[in-house]
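Me: I would like to learn how to read the strands, cores and annotated segments of a model such as this one. Could we go through it feature by feature?

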Amino acid sequence: GNLYVSERLDREEMCGESASCSVSFEALVHNPLNVFHVEVDIQDVNDNAPRFLQENFQLEISELTSPGARFAVGMAEDADVGSNSLQGYELETNGYFAVEVKESQDGSKFAELVLRRALDRESEQSLRLMLKALDGGDPPRSGTAQIWINVTDANDNPPVFAQDRYRASLREDTPPGATVLNVSASDADAGTNAHITYGFGKMPAKMLQKFLVDSESGTITLQEALDFEDTRGYTLLVEARDGGGLVAHCKVEVEVLDVNDNPPEITILSLSSPVPEDAPVGTVVALLNVNDPDSGENGQVSCELSGEAPLSINNMPGIPILNVSATDPDLGRNAHLSYTLLQGHPTFGHLFSINRENGTLYLLTSLDHEDQVEFSMMVQIQDGGFPPLATNVSVSVFVTDLNDNAPTVLYPHPNTTATYTDVVAPGTPAGHMVTKVVAVDADAGYNAWISYTLLQATDPSLFSVGLHNGEIFTARQLREDDAPQHTLVILLKDHGEPVLSTSATVSISVAEMVKEVLTDLTDVAPANDPRRHVTFYLILAVILVSAAFFITMLSVGIFKCYKWRQSKELYNSSRSTTYRTPGPFHHIDAVRGGFTPPNFYHQVYLTTDSRQSDLLCKKPFTSSPLGSRQGTIRNGEPGLYHQIVGTASRLPTPAE
């Protein structure tokens with residue numbers, strides 16, 4: 001009654017993909033006769049490995065694909081069922097992709113590649129990955145497939161020039177058609193995206209006419225002749241464009257080199273002709289302007305006079321500083337203007353000159369602000385009519401200050417042989433002013449501001465100097481153990497640009513009495529010092545001046561008292577007697593340069609005492625009273641004067 005397997009069983013052949021597999025049959029038994037129903041359940045064993053339908057997969061992925069994108073690579077098949085069937089996928093380790101298992105509605109599992117990091121064709125053009133399918137058997141079986149990923153190019157790289165800036169030099173006589181230089185650019189993309197064409201960017205039409213660039217090779221050639229005097233250099237903007245439309249730019253600087261192809265040009269700026277026979281030697285007869293458009297040595301000129309004449313030429317440069325301009329409404333020759341500099345001062349002719357034709361004022365030599373701050377001169381403009389008409393205009397030239405003078409030390413004097421020593425007693429507290437450095441600066445304004453700093457000292461902790469006043473103070477209290485002699489070096493700086501400086505040396509002695517210092521200085525002071533009696537003479541002079549001042553002030557006081565008493569006595573006896581001046585006088589206005597209008601003329605009546613006067617003012621009739629401490633006003637008839645009678649210590653001014 002034993003039941004045997006007569007041949008090898010194959011569950012996959014018998015049942016296929018069915019989850020369960022069994023065989024049913026009936027067994028007949030004799031003696032006694034009986035029929036049995038038999039069902040054999042055939043269990044699966046892991047005898048099949050997963051298998052991909054194809055061994056190689058080809059994928060084309062653009063390098064611009066965003067991370068997170070998914071790509072299906074199909075699924076593997078496994079004839080086994082249950083836990084022995086396909087369970088998942090594994091991907092070879094790489095930096096770009098990962099694999100995820102997806103399950104369809106029928107329960108089948110397939111693999112998806114997920115892009116984790118952006119691709120870059122320029123760094124890696126293709127990838128080869130191994131995909132493995134695994135079942136759940138023990139031991140597990142697997143199947144593999146090769147995934148070939150080709151990274152397709154995207155136009156993500158613009159062209160790049162070999163240089164950001166190119167430079168070339170051409171002589172101005174370079175013939176058209178000559179090669180200037182060659183620009184070169186590269187593109188990391190591939191195919192049409194890497195194809196580069198060259199051209200000029202947005203530039204003036206003048207440059208586009210001068211130069212030409214080859215679109216394929218990048219060679220720049222000259223199309224028209226150059227002229228250094230017209231343009232000394234060009235800056236070209238060259239662009240490189242790839243097949244995808246990306247553009248890069250570079251600059252090409254072309255320097256034009258000068259060639260000596262221009263003769264000097266001579267212009268007569270001023271000509272004084274005829275010249276008086278008594279003109280002194282050195283009188284400027286003519287001012288010439290010589291200009292050569294070339295540069296460098298090619299533009300340097302020298303002037304010489306040919307022929308015999310009592311004249312000479314020193315190539316003095318003239319600097320234009322002002323243009324005097326005038327107009328004339330006449331026509332033709334009557335409107336032709338000429339400009340002349342009237343010699344107000346004999347030295348002005350050597351300092352300034354004016355162009356007779358256009359009125360340009362030239363400076364012929366350098367000026368010094370410390371010598372003279374302002375120059376005033378008169379320019380005459382005359383037309384060409386007959387008789388000629390002329391007008392004058394005043395021109396003032398102000399000389400601005402430059403910082404060309406260093407501070408000058410007045411005390412202590414730096415060039416004297418005598419030794420100036422200041423004395424300070426031991427125990428002097430901090431903040432005591434010992435001496436002061438006195439200095440001046442010949443410049444003006446901010447250039448003349450002087451600051452003082454302590455540059456060097458025997459004991460830097462003992463003395464300090466005021467930054468703006470040069471006063472030297474004790475920084476701490478003097479002690480008995482301090483050195484008896486101190487030498488300070490003070491640095492004086494102005495505030496100009498550039499800063500100019502000088503230094504002053506100050507000697508200070510620490511002593512109880514001046515006598516001690518004088519004893520110490522006996523050896524160093526010269527015996528025949530001519531200034532040893534200066535102090536005596538100074539004291540004597542002060543005494544004499546003080547006495548003279550006192551006597552003068554006393555005399556003035558006595559005289560004032562006498563005049564006051566005399567005027568008081570004469571006041572009552574002389575106020576009724578008046579004398580009229582010969583007539584109205586004209587007041588000259590020094591400010592406006594004219595005369596006071598006739599309706600403001602004054603008539604003055606003087607009394608016997610010049611301190612008393614009557615003033616008549618011509619003005620319209622009014623009846624309004626005018627109060628005064630010492631005078632009265634009387635209304636006259638219409639058309640008559642108003643007479644103001646008062647006391648005055650001087651003649652009234654027109655404003656009064």
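Reply: Let us begin with pairing: two strands count as paired if DSSP finds at least two bridges between them. The model is a predicted one, and in it strand 30 and strand 37 (residues 501-510) pair in the parallel sense over four bridges. Within this pairing, Val 423 stands opposite Ser 509 in strand 37.

Me: Which side chains of strand 30 are buried, and which are not?

Reply: The general idea is that in a regular strand the side chains alternate between the two faces of the sheet. Strand 30, residues 421-424, shows such alternation, for Asp 422 and Val 424 point to one face and are buried, whereas Thr 421 and Val 423 point to the other face and are not buried.

Me: How should I read the order of strands in an open sheet, and which strands stand at the edges?

Reply: One open sheet has three strands in the order 31-35-34, with antiparallel pairing. Strand 31 (433-436) and strand 34 (463-465) each have a single partner strand and therefore stand at the edges, with one side left without a neighbour in the sheet. On average, neighbouring strands of this sheet are turned by 25° against each other, direction ignored. Strand 34 is joined to strand 35 (residues 471-474) by three bridges, the two running antiparallel, and Phe 463 stands opposite Thr 474 in strand 35.

Me: Which residues have the most contacts inside the largest nonpolar core?

Reply: In soluble globular proteins, nonpolar side chains tend to be buried together. Here the largest nonpolar core has 28 residues, and those with the most contacts inside it are Phe 161, Val 180, Val 183, Phe 211, Ile 220, Leu 236 and Val 252. Among the strands that each supply at least two residues of this core are strand 13 (165-171), strand 19 (233-241) and strand 20 (247-257), and the largest share, five residues, comes from strand 20. Leaving aside residues up to four places away in sequence, Val 252 touches Tyr 166, Leu 181, Val 183, Ile 220, Tyr 234, Thr 235, Leu 236 and Val 238. Apart from this core lies another, of 24 residues, including Phe 52 and Tyr 89.

Me: What does UniProt list for residues 536-559?

Reply: The unreviewed UniProt entry lists them as "transmembrane region". In the model, residues 536-559 are 100% helix and 0% strand, with the end C-alpha atoms 35 Å apart. The protein chain as a whole comes to five helices and 44 strands, and 30% of its 656 residues count as buried.

Note on methods
Residues are numbered from 1 along each chain as its sequence is written. This is a predicted model: local features need pLDDT of at least 70, side-chain atom pairs count only at pLDDT 80 or more; totals for chains, interfaces and linings use all residues. Side-chain values use heavy atoms; hydrogens and water are left out. Axes are lines fitted to C-alpha atoms, for helices over the stretch in contact, and angles run from 0 to 180 degrees between N-to-C directions. Buried means under 20% relative accessible area, exposed over 50%, partly exposed in between (1.4 Å probe, protein chains only). UniProt positions are given in the numbering used here, feature names are shortened, and annotations may be inferred rather than shown by experiment. A nonpolar core is a set of buried Ala, Val, Leu, Ile, Met, Phe, Trp, Tyr and Cys residues joined through side-chain atoms within 4.5 Å. Contact means heavy atoms within 4.5 Å.
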